[in-house]
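I opened the model with a short list of things to look up. My entries follow in the order I made them.

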There are 2 protein chains.
Amino acid sequence: MSEKLEQLKTLLAEVADLNNAQALLGWDQQTYMPPGGNDARGNQLATIGKISHQKFTSDKIGQLLGDLEKEFAGADADSDEVRLLKVTRHEYDQATRVPADFVAEFAVVTTKAFEAWVEARKKSDFSIFQPHLEKVVELNQRYVSFFPPADHPYDVLLDQYERGMKTADVKEIFDALRPQQVELLQAIAEQPQVDDDFLHVEYDEQKMWDFSEVIASKFGYDWERGRQDKSAHPFTTGFSINDVRITTRFEEDNPTVMLFSTMHETGHGLYELGSNQAYERTPLAGGTSLAVHESQSRMWENLVGRSLPFWEYFYPEFQKLFPGQVGNLDLDTFYKGINKVESSLIRVNADEATYNMHIMLRLELEIGMVEGAVKAKDLPELWNAKMEEYLGITPPNDAKGVLQDVHWSYGSMGYFSTYALGNLISAQLWEKIAADIPDLPEQFRKGEFGALLAWLREKIHVHGSKFEPQEMVQRVTGSKIDAAPYVRYLKQKYSDIYGL
Amino acid sequence: MSEKLEQLKTLLAEVADLNNAQALLGWDQQTYMPPGGNDARGNQLATIGKISHQKFTSDKIGQLLGDLEKEFAGADADSDEVRLLKVTRHEYDQATRVPADFVAEFAVVTTKAFEAWVEARKKSDFSIFQPHLEKVVELNQRYVSFFPPADHPYDVLLDQYERGMKTADVKEIFDALRPQQVELLQAIAEQPQVDDDFLHVEYDEQKMWDFSEVIASKFGYDWERGRQDKSAHPFTTGFSINDVRITTRFEEDNPTVMLFSTMHETGHGLYELGSNQAYERTPLAGGTSLAVHESQSRMWENLVGRSLPFWEYFYPEFQKLFPGQVGNLDLDTFYKGINKVESSLIRVNADEATYNMHIMLRLELEIGMVEGAVKAKDLPELWNAKMEEYLGITPPNDAKGVLQDVHWSYGSMGYFSTYALGNLISAQLWEKIAADIPDLPEQFRKGEFGALLAWLREKIHVHGSKFEPQEMVQRVTGSKIDAAPYVRYLKQKYSDIYGL
């Protein structure tokens with residue numbers, strides 16, 4: 001290997017160690033840290049973040065990158081070496097274009113914005129958050145200004161989460177999706193509603209936890225290289241390709257949510273665990289983008305975990321565990337209940353058919369704010385109008401409307417669309433998988449998920465961050481990200497359930 | 001405040017953040033980390049350790065220290081500022097005198113030594129470990145050579161754990177202790193043995209865990225600033241004055257050990273939690289030395305937790321929890337059972353009366369090795385001879401003899417004596433406490449430990465690392481570390497129990 005490449009990898013490994021340590025500080029903060037540790041944890045995260053940033057943006061790494069790009073100019077564009085340089089260049093440019101004093105200001109503004117958001121949501125009073133949101137928008141606009149002019153300013157924000165993705169692409173995808181999804185929702189709304197009362201009774205938490213781990217094991221989650229813990233908001237994090245952890249939560253009034261949370265995070269976890277081991281301590285380790293990540297989590301949660309074949313295998317066991325709750329309930333009713341479609345106010349509780357509507361609403365408002373066309377002060381009104389238009393309901397207050405998500409208070413813009421893109425990609429991959437493994441439903445009915453995991457590993461997981469998201473989807477399915485498979489999937493699924 | 005002092009504190013705070021992050025990596029490694037994370041964790045610990053060392057040994061800190069020592073030359077020698085400079089100077093000299101390539105070599109040698117020790121202990125074959133121990137001794141001798149000549153080379157090693165402590169002091173203390181402790185043990189051995197069969201039956205682990213937390217709470221452990229988890233070897237660690245965690249363990253064949261482990265670690269934890277908050281992110285935070293730390297843990301474990309007044313309060317509750325095990329057992333028998341004295345092979349299982357003998361044996365061998373008078377190859381024979389001399393028993397094999405402790409494989413020499421010194425200090429403090437709070441036993445009988453904790457906080461905890469161990473003991477008790485109170489304590493306690 002080139003001596004300079006060796007040098008670069010040594011420096012990147014050190015940065016990876018720091019980032020992994022930082023991730024552990026974050027994991028602990030959300031799982032086990034006692035409240036007293038909070039202030040110190042903030043200092044620790046800030047110090048390690050600063051050192052990692054300094055080390056990554058060093059002149060030495062810039063010099064090595066430049067030299068190596070010349071050295072590998074004629075090399076195979078799909079080789080690991082060339083791709084490592086490309087991914088590192090992308091991250092390096094993002095990290096070096098943004099001045100240190102901007103980063104510091106961003107941290108100060110968002111710390112205050114988060115506090116204000118917590119208070120605003122508690123009091124359901126948007127005016128408390130509004131001035132902070134205005135600053136967040138202004139910071140995002142300034143962030144954009146550090147980069148070369150793009151087709152659309154929002155491209156720069158998207159690029160933080162989805163390398164190479166354009167605002168025009170996202171708009172085109174969602175423009176195709178929106179009318180079809182609205183039409184489907186209207187058709188469902190005209191049908192009699194399914195029963196899901198059995199989901200909202202008491203279930204034993206420990207039994208549910210144990211069952212969630214049975215499912216994760218069946219999916220192929222490797223407990224020697226991971227673990228599950230509890231947190232207020234479920235998440236997946238990793239400190240190595242061989243130490244990727246998931247969390248889940250128990251909701252008293254919706255106890256089976258724990259199962260779907262675990263399946264969702266298991267999907268993220270399997271993706272991270274599946275990276276080529278040669279990518280350890282390099283920027284190629286781990287998933288390539290939030291949307292592709294979400295395609296994995298949503299696939300295991302929804303296309304697998306809310307499918308009939310899955311429950312044909314698992315339902316008898318579930319009934320045995322919870323005889324009082326579902327012992328006398330037939331599978332068909334259970335299946336319909338866990339797939340109930342209902343317009344609701346809160347994104348994180350939304351079902352498969354309505355979820356994307358929540359995202360489109362946010363995306364449109366975000367783009368408007370970044371363009372300057374939408375003012376923060378008008379947000380509650382616009383939010384409520386779009387909720388009425390897309391889902392036929394109006395939030396009774398801002399806490400259940402415009403204040404429900406934490407993302408803007410963190411300063412994040414450009415993030416939301418990745419959730420919906422993940423849904424679309426999951427269905428797009430699914431059509432390809434169904435063609436490659438025709439007896440997949442039969443396998444699920446026998447509790448076998450190995451062929452699916454092997455397929456995902458080979459086509460997606462093993463490549464880590466090597467390919468850009470659009471490129472990855474194109475390589476695997478032959479087309480760019482496309483809403484059609486997801487619409488086909490929803491239509492077929494809900495035609496069966498609601499008898500459309 | 002002096003501008004330079006402000007600068008120094010900023011740099012030290014960054015180092016503290018790194019060290020605290022490293023401590024969390026270590027805590028996780030011993031509590032929750034899945035096995036797959038092991039290699040990556042080693043890299044993370046090494047990277048953060050290296051960066052912390054680089055930052056702490058920077059010329060900038062050296063320059064500031066030198067300037068500030070001049071600036072504060074005439075200031076109150078007991079002020080926090082002067083003491084911060086003194087402690088920092090001590091750590092800075094230790095860190096800068098040792099060359100980086102020595103540190104790297106030390107890490108390599110001890111990694112291999114640890115692996116060899118694990119194998120040697122498993123096979124009970126000292127010859128596997130011997131060449132590694134020879135290298136460890138040689139490294140310790142080289143370590144000593146980096147420092148100015150001391151009265152005794154072992155002083156330099158002791159000074160790593162006990163600032164200012166001299167080999168001559170330790171020898172003098174133990175020379176006074178040894179004959180009296182041997183005499184006591186012989187007297188006990190002539191008496192009929194007490195019964196402790198009831199300790200070695202089955203107890204429910206979860207109930208024992210819950211009871212251990214009840215005791216920790218009564219001692220004043222603050223769960224808002226700490227937590228308890230399980231680990232193979234109990235320990236205490238902290239990432240802030242306000243996030244200090246303990247661990248405990250359950251032994252199937254000796255279930256009550258969990259209680260005493262928790263009490264022991266709670267003692268360490270209370271010390272760390274009690275530091276002056278102004279010391280956060282400075283080298284003054286946390287306990288001043290391992291021996292003073294051990295005085296706190298042993299006090300809560302033994303002088304409190306194995307005392308009759310303590311159990312006069314807690315025994316009825318314990319009996320209610322475990323009616324099958326101790327429901328019909330009188331308190332006197334229980335109290336004698338948990339204080340049974342018996343010569344045994346393994347240090348960590350030793351009782352209060354025999355523990356120090358294990359330490360003296362190790363200390364003498366260590367000093368001999370560092371002096372060059374004792375050769376590694378002769379160690380098993382010397383070990384067994386001393387065991388016979390001090391405790392009247394001979395290990396049947398090396399696993400239960402010279403190979404039982406991990407410390408040498410880590411490269412640690414100078415550490416063992418701190419355990420015994422801690423015992424001595426605990427009794428020395430206890431005599432002072434008994435004079436200051438005459439009704440302490442009455443308080444314990446009512447389950448009240450607040451006055452004891454308040455005393456410890458005011459006299460010891462709040463000062464963090466401000467005072468050297470000998471200085472601390474002198475300030476609080478009026479004398480230097482002295483074996484006499486511990487001997488008086490043992491004699492009185494065991495006279496009652498064994499009717500001497």
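**Entry: a helix-to-helix pair in chain B**

I began with B:Arg142, which is partly exposed at 28% relative accessibility. This is a predicted model, so I read every value below as computed. The side chain of B:Arg142 meets that of B:Glu105 in a salt bridge, 2.8 Å from N to O. B:Glu105 sits in helix H5 (residues 100-123) of chain B and B:Arg142 in helix H6 (residues 126-145) of chain B, so the pair ties together parts 37 residues apart in sequence. I also checked B:Glu105: partly exposed, with a relative accessible area of 31%.

**Entry: a strand-to-helix pair in chain A**

I then searched the whole structure for salt bridges and got 76 over all chains. One of them joins A:Lys230 to A:Glu205, with the closest N and O atoms 2.5 Å apart. A:Lys230 belongs to strand E1 (residues 228-230) of chain A and A:Glu205 to helix H9 (residues 205-219) of chain A, so this pair links parts 25 residues apart in sequence. A:Lys230 is partly exposed, at 43% relative accessible area. A:Glu205 is partly exposed too, at 26%.

**Entry: a charged network**

Are B:Asp243 and B:Arg245 buried or exposed? B:Asp243 is buried, at 1% relative accessibility. B:Arg245 is buried as well, at 0%. The cut-off for buried is under 20% relative accessible area. Their side chains meet in a salt bridge of 2.8 Å, N to O. I followed the charges outward from there. A:Asp28, A:Arg41, B:Asp243 and B:Arg245 are linked in a network of salt bridges. That network has residues from chain A and chain B, and it took me to the interface.

**Entry: the interface**

How many salt bridges are there between chain B and chain A? I counted six. One that I looked up joins the side chains of A:Arg245 and B:Asp28, at 2.8 Å from N to O. I also found 14 residue pairs in polar contact across the interface of chain B and chain A, both residues at pLDDT 80 or more.

Next I asked which elements build the chain B side. Those that give two or more residues to the side touching chain A are helix H1 (3-31), helix H2 (38-56), strand E2 (236-240) and strand E3 (243-248) of chain B. H2(B) gives the most, with ten residues. By class, that side of chain B has 14 nonpolar, ten polar and 13 charged residues.

Then I took the totals. The contact draws 37 residues from chain B and 37 residues from chain A. The two chains bury about 2,800 Å² between them, 60% of it on carbon and sulfur atoms. B:Leu24, B:Tyr32 and B:Pro34 supply 17% of the area that chain B buries against chain A, more than any other three residues.

**Entry: symmetry**

I laid chain B on chain A. The fit has an RMSD of 0.0 Å, after a turn of 180 degrees and a shift of 0.1 Å along the axis. That is the relation of a two-fold axis. Which residue of chain B comes closest to the rotation axis? I found B:Ala21, with its C-alpha at 3.6 Å. I also compared the two sides. 100% of the interface residues of chain B are interface residues in chain A too, so the copies meet through the same surface.

**Entry: a buried threonine**

I moved inside chain A to A:Thr88, in helix H4 (residues 80-97) of chain A. A:Thr88 is buried, with a relative accessible area of 0%. What is A:Thr88 in contact with, leaving aside its neighbours within four places in sequence? I listed A:Leu12, A:Phe56, A:Leu65 and A:Pro283.

**Entry: positive phi**

Last, I looked at backbone angles. A:Ser124 has a phi near 50 degrees, a positive value in a residue other than glycine. A:Ser124 lies in the loop between helix H5 (100-123) and helix H6 (126-145) of chain A. Its relative accessible area is 24%, so I noted A:Ser124 as partly exposed.

B:Arg281 is not a glycine either, yet has a positive phi of about 65 degrees. I placed B:Arg281 in the loop between helix H10 (257-273) and helix H11 (290-304) of chain B. B:Arg281 is partly exposed, with a relative accessible area of 25%.

Technical notes:
Residues numbered from 1 in each chain as written. Chains lettered and ligands numbered in written order. Predicted model: local features only at pLDDT ≥ 70, side-chain atom pairs only at ≥ 80, totals over all residues. Heavy atoms only, no water. Contact = heavy atoms within 4.5 Å. Buried area = accessible area lost by both parts, 1.4 Å probe. Salt bridge = Lys/Arg side-chain N within 4 Å of Asp/Glu carboxyl O. Polar contact = N/O pair within 3.5 Å; in protein donor to acceptor, adjacent residues only side chain to side chain. Helix = DSSP H or I, 4+ residues; strand = E, 2+ residues; numbered from the N terminus. Nonpolar A, V, L, I, M, F, W, Y, C, P; charged D, E, K, R; others polar. Buried < 20%, exposed > 50% of the residue type's maximum accessible area, 1.4 Å probe, protein only. Least-squares fit on C-alpha atoms with pLDDT ≥ 70 in both.
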